[in-house]
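Subject: A structure to look at, with notes

Dear colleague,

Please find the structure below, and keep it open beside these notes while you read.

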Amino acid sequence: MTRDVAPRLNFPKPALIHSTFFPALQGSKSKMSASDPNSSIFLTDTPKNIKDKVNKHAFSGGRETVEEHRAKGGDCEVDVSYQYLTFFLDDDQRLEQIRQDYSSGKMLTGELKKILIEVLQGLVAQHQERRKEVTLDVVKLFMTPRQLDFRY
């Protein structure tokens, strides 16, 4: 669709559009669904809901026992908590340190989930505060048809 619209807006056609989807909390083998409230984090979730969902339902790349995890480390490729952090954690150095610590066994699954919970709770709370500021007048203003300026 973008390749069809771009020339009409006097832009060159894009060569590639890359998108990445969030995995469901249960892992990449399952999918998110509004009918399964435990398959994802919603922007209307409370901090307690977020904590419970991540702790109970987020698929882990950790090992069967703590001893085995300490010896072999966790698998960030399948760990949903780590994958979510790749989207939401702004500090790339901290993310890399978390990856190294988790992969080496220095960090346990519970510690990784705790970091994700803190990040998600802050993000969702910030969204909820901003959403409270949206009134019907703001929505009406936003939805009013108007001429757009495409000059760059």
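Which residue caps the N-terminal end of H5? Aspartate 91 does so, since one of its side-chain oxygens lies 3.1 Å from the backbone nitrogen of glutamine 93. A polar contact here is a pair of N or O atoms within 3.5 Å; within protein, one must be able to donate a hydrogen and the other to accept it, and residues adjacent in sequence count only if both atoms are side-chain atoms.

Before going on, please note that this is a predicted model, in which local features need pLDDT of at least 70 and side-chain atom pairs count only at pLDDT 80 or more, while totals for chains, interfaces and linings use all residues. Residues are numbered from 1 along each chain as its sequence is written, and side-chain values use heavy atoms, with hydrogens and water left out.

Helix H5

Helices are DSSP runs of H or I with at least four residues, numbered from the N terminus. H5 covers residues 92-104, which makes 13 residues, and reaches 18 Å from its first C-alpha to its last, close to the 18 Å expected at 1.5 Å a residue; the expected span is 1.5 Å times one less than the number of residues. The buried residues of H5 (buried means under 20% relative accessible area, exposed over 50%, and partly exposed in between, with a 1.4 Å probe and protein chains only) are Leu95, Ile98, Asp101 and Tyr102. These buried residues are on the same side of H5, because they cover an arc of only 130 degrees around the axis, where the arc is that of the directions from the helix axis to the C-beta atoms. An α-helix has 3.6 residues a turn, so residues three or four places apart point the same way. The face turned away from the buried side of H5 carries the exposed residues Asp92 and Gln93. The buried residues themselves pack against H3, helix H4 (80-88) and H6, contact meaning heavy atoms within 4.5 Å. Just after H5, glycine 105 takes a positive phi of about 95 degrees.

Helices H6 and H2

H6 (residues 109-132) has 24 residues and reaches 34 Å from its first C-alpha to its last, close to the 34 Å expected at 1.5 Å a residue. Its buried residues include Leu112, Ile115, Leu116 and Val119, and what covers the buried residues of H6 includes H2, H3, H4 and H5. Threonine 109, also in H6, counts as buried because its relative accessibility is 17%, and, if residues up to four places away in sequence are not counted, threonine 109 touches Ser60, Gly62, His69 and Tyr102.

In H2, the buried residues are Ile50, Lys53 and Val54. Seen down the axis, these buried residues fall within an arc of 90 degrees, so they line one face of H2. The face of H2 turned away from that buried side carries the exposed residues Lys48 and Lys56, while what covers the buried residues of H2 includes H4 and H6.

Loops

The loop between helix H2 (47-57) and helix H3 (66-72) holds threonine 65, which is partly exposed because its relative accessible area is 37%. A polar atom of the side chain of threonine 65 lies 3.0 Å from the backbone nitrogen of glutamate 68. Glutamate 64 has its place in the loop between H2 and H3, and it counts as exposed because its relative accessibility is 75%.

In the loop between helix H1 (2-5) and H2 sits asparagine 10, which has a positive phi of about 65 degrees although it is not a glycine. Most residues other than glycine have a negative phi.

The largest pocket

How much space lies in the largest pocket? It is about 160 Å³. On a 1 Å grid over the protein atoms alone, a pocket is an open set of points where a 1.4 Å probe fits, with protein on both sides within 12 Å along at least five of seven lines, and lining residues have an atom within 4 Å of a point. Grid points are joined across faces, edges and corners, and the volume is the space filled by probe spheres set on the points. Among the lining residues are Phe22, Met32, Tyr84, Phe88 and Leu120. H6 gives the largest share of the lining, three residues.

Phenylalanine 22 is found in the loop between H1 and H2, and it touches Met32, Tyr84, Phe87 and Phe88, not counting residues up to four places away in sequence.

With best wishes

Definitions and conventions:
Helices (H or I, at least four residues) and strands (E, at least two) are DSSP runs, numbered from the N terminus.
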